[in-house]
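Me: I've got a structure open and I'd like to talk it through with you. Can we go over it bit by bit?

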Amino acid sequence: LGSSGQRWRDISNDDDDMHPAAAGMADGVHLLGFSDEILLHILSHVPSTDLILNVRRTCRKLAALCLDKSLIHTVLLQKDYQASEDKVRQLVKEIGREIQQLSMAGCYWLPGSTVEHVARCRSLVKVNLSGCHLTSLRLSKMLSALQHLRSLAIDVSPGFDASQLSSECKATLSRVRELKQTLFTPSYGVVPCCTSLEKLLLYFEILDRTREGAILSGQLMVGQSNVPHYQNLRVFYARLAPGYINQEVVRLYLAVLSDRTPQNLHAFLISVPGSFAESGATKNLLDSMARNVALDALQLPKSWLNGSSLLQHMKFNNPFYFSFSGCTLSGGPLIQQVINGGKDLRSVASLNLSGCVHCLSPDSLLRKAEDDIDSSILETLVASCCNLRHLNLSAAHHHSSEGLGRHLCQLLARLRHLRSLSLPVCSVADSAPRADRAPAQPAMHAVPRGFGKKVRVGVQSCPSPFSGQAGPQPSSVFWSLLKNLPFLEHLELIGSNFSSAMPRNEPAIRNSLPPCSRAQSVGDSEVAAIGQLAFLRHLTLAQLPSVLTGSGLVSIGLQCQQLRSLSLANLGMMGKVVYMPALSDMLKHFPLRGHPRHPLTACLWFSFQAERPALNVVVFPLLHEGLTDVIRDVPLLHLDEVTLFKSRVAEEPPNLWW
């Protein structure tokens, strides 16, 4: 339904007066014979530029449906790389007055003169301009015309000057209730002008040095020291990229909160890579929060929680999100202070315990990282938070004992509402390897020989895809877990010792550790078990040393037709990429029809076309000394996308923004 209205012209009748049901009977039911409700649902998947500029011109019925309020009330242009300057201007000209929500997030290819046309959308209530090129003057001109605006997302780049904002612009900002601000330079941005803020999301992406090598200062520029207004704030979220400048600037934002904590504050979240030392102001803030507010969502730097009794004094109302990523929190305090001894916490939808190596053990002082977990702690957690939809237990050794029905996978199988799950590889192993137990033989799955290679003498060949294929063992706890979570959409299986060479928002770790010994029993059969997840959309597999052929990928390709992103790293023995033939066969099962919409096949399809798209994939040495300069030129949108090997499950609260 994509790049032009040609396909719609082929299925619509040249004679608009002919009854739709009478058209195309020789080929079955005509598309226009469907009800308006079905057609509107189909049209909702068509990019807005195609919908208005192409499909609408095919026939009278589609012309009317394309202008339905359900289709033009919200316009999403992010990742619509065919949305050129002319198309965006024409789109705004034709339906600008009807648009109430507009997202141009990541439209970095559009010049400021085109983005400025948003001012014609006078009915806008919510607009996302993150990643767009806007000067202070253009922003001022545009916001001055948007009197109904209540939600805004922008970038604050070097050269931003709040003194250039007009009084009309500031009047609009004073009515804004939700602000998402990405900072590339030390600044308050437009926060001081937003006197009615209820939700504030801050993303700190300030580099410590300029391109010329000059060291930046975290002090705010003169004229930008107006005090932010937090009295109505309900949600405060800050995510910091690595660098001391980002920490200096966020302290200035927090200093105002420490003076007077908003009484209606319900969510307080700060994501900081590495350590972030407490100051007197932050201690006052946390003490004030403990006394005066009841939170629904909480995330704090791990250095603020480690060894602290802070959680003991915090009050929670109907919590829906907790993140204790990287903390030394053990199971005892987790149960007593957060879950309150097994209190009913059905409201909790998302829980991030990534890197909490002791969270499933009663005492962190005497326990080694490789020791077995205390299954009673996990059982209490599962029973209390029975409506969990997002759970992250990665970056830790969660080994289960051999007790019947006490395995981690068996307990997690009770969480029937889970939609995203991140686990360490060793946690899905059936049991600890024993010296008297012979190593399990990997199941031989359908694996193509790849690229027409002939069978080599002395090398065992793989069976045919449909003859004698051994599936995942139904007796394995991992197979049973996935069988009980049929609606899982996001799955991560990452080695507990795996670390990325260039993590997006974490300090780089160059000393890699060998895989956990229990991970040696997780191989092709377990990967094949993932094929049960018919609704799976995102899959990450990293540090599975016992993957011998990658044959399980074929099962995933055959059955997981909704898959949209696949991230693979360190499968099989280090230094040997043994799964490429299986991967190439997996990709064959994602159909190519015309211009592919499937990301896994689109990258291969477009690379062999005569006219290739403007975006190209560039492989760059991750440890190259010039990597920092390369990163500067990568749009933030793609920088997040290409940083594949970080855990994304429960990274942020659900529905934090669009």
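Me: What is the mean pLDDT of the chain?
Reply: Bear in mind that this is a predicted model. Of the chain's residues, 79% reach a pLDDT of 70 or more. The mean for the chain is 82.

Me: Over which residues does pLDDT stay under 50, with 13 contacts beyond four places in sequence?
Reply: Two stretches come up here. Residues 434-470 have pLDDT below 50 too, but that stretch has 47 contacts in the model beyond near neighbours in sequence. Where pLDDT is low, the predicted coordinates should not be read in detail. The stretch with 13 such contacts is residues 13-26.

Me: On to charges, then. How many salt bridges does the count come to?
Reply: The rule is a side-chain nitrogen of Lys or Arg within 4 Å of a carboxyl oxygen of Asp or Glu. Lysine 61 and aspartate 36 pass, as their closest N and O atoms are 3.8 Å apart. By this rule the count is eleven.

Me: How many residues apart in sequence are the parts that lysine 61 and aspartate 36 tie together?
Reply: Lysine 61 sits in helix H4, residues 60-65, while aspartate 36 belongs to helix H2, residues 36-43, so their salt bridge ties together two separate parts of the sequence. Lysine 61 has a relative accessible area of 27%, and aspartate 36 has 37%, so both fall between the 20% and 50% cut-offs and count as partly exposed. The separation along the sequence is 25 residues.

Me: Which residue is linked with Arg56 and Arg57 in a network of salt bridges?
Reply: Arginine 56 meets its partner at 2.1 Å, N to O, and that pair ties together the loop between helix H3 and H4 and helix H6 (residues 85-95), 38 residues apart. Arginine 57 meets a carboxylate at 3.1 Å, again linking the loop between H3 and H4 with H6, here over 37 residues. The partner is partly exposed at 27% relative accessible area, and arginine 57 is partly exposed at 46%. The residue that joins both arginines is Glu94.

Me: How wide an arc do the buried residues of H14 cover around the axis?
Reply: In H14, residues 331-338, the buried ones are Gly331, Leu334, Ile335 and Val338. They lie on the same side of the helix because their arc is narrow. Their cover includes helix H13, strand S10 and helix H15. The arc is only 110 degrees.

Me: Which residue follows H14 with a positive phi?
Reply: Look just past the end of the helix, which spans residues 331-338. The phi there is near 60 degrees. The residue is asparagine 340.

Me: What is the volume of the largest cavity?
Reply: There are two cavities of 30 Å³ or more. Residues lining the largest one include Leu334 and Val338, both among the buried residues of H14. Its volume is about 40 Å³.

Me: Last one: is phenylalanine 268 buried or exposed?
Reply: Phenylalanine 268 lies in strand S8, residues 267-271. Its contacts beyond four places in sequence include Phe236, Leu254, Met289 and Ala297, and its C-alpha is 6.3 Å from that of alanine 297, 29 residues apart along the chain. The cut-off for burial is under 20% relative accessible area. At 0%, phenylalanine 268 is buried.

Notes
Residues are numbered from 1 along each chain as its sequence is written. This is a predicted model: local features need pLDDT of at least 70, side-chain atom pairs count only at pLDDT 80 or more; totals for chains, interfaces and linings use all residues. Side-chain values use heavy atoms; hydrogens and water are left out. Helices (H or I, at least four residues) and strands (E, at least two) are DSSP runs, numbered from the N terminus. Buried means under 20% relative accessible area, exposed over 50%, partly exposed in between (1.4 Å probe, protein chains only). pLDDT is the predictor's confidence in each residue, from 0 to 100. Contact means heavy atoms within 4.5 Å. The arc is that of the directions from the helix axis to the C-beta atoms. On a 1 Å grid over the protein atoms alone, a cavity is a set of points where a 1.4 Å probe fits but cannot get out, and a pocket is an open set with protein on both sides within 12 Å along at least five of seven lines; lining residues have an atom within 4 Å of a point. Grid points are joined across faces, edges and corners, and a volume is the space filled by probe spheres set on the points.
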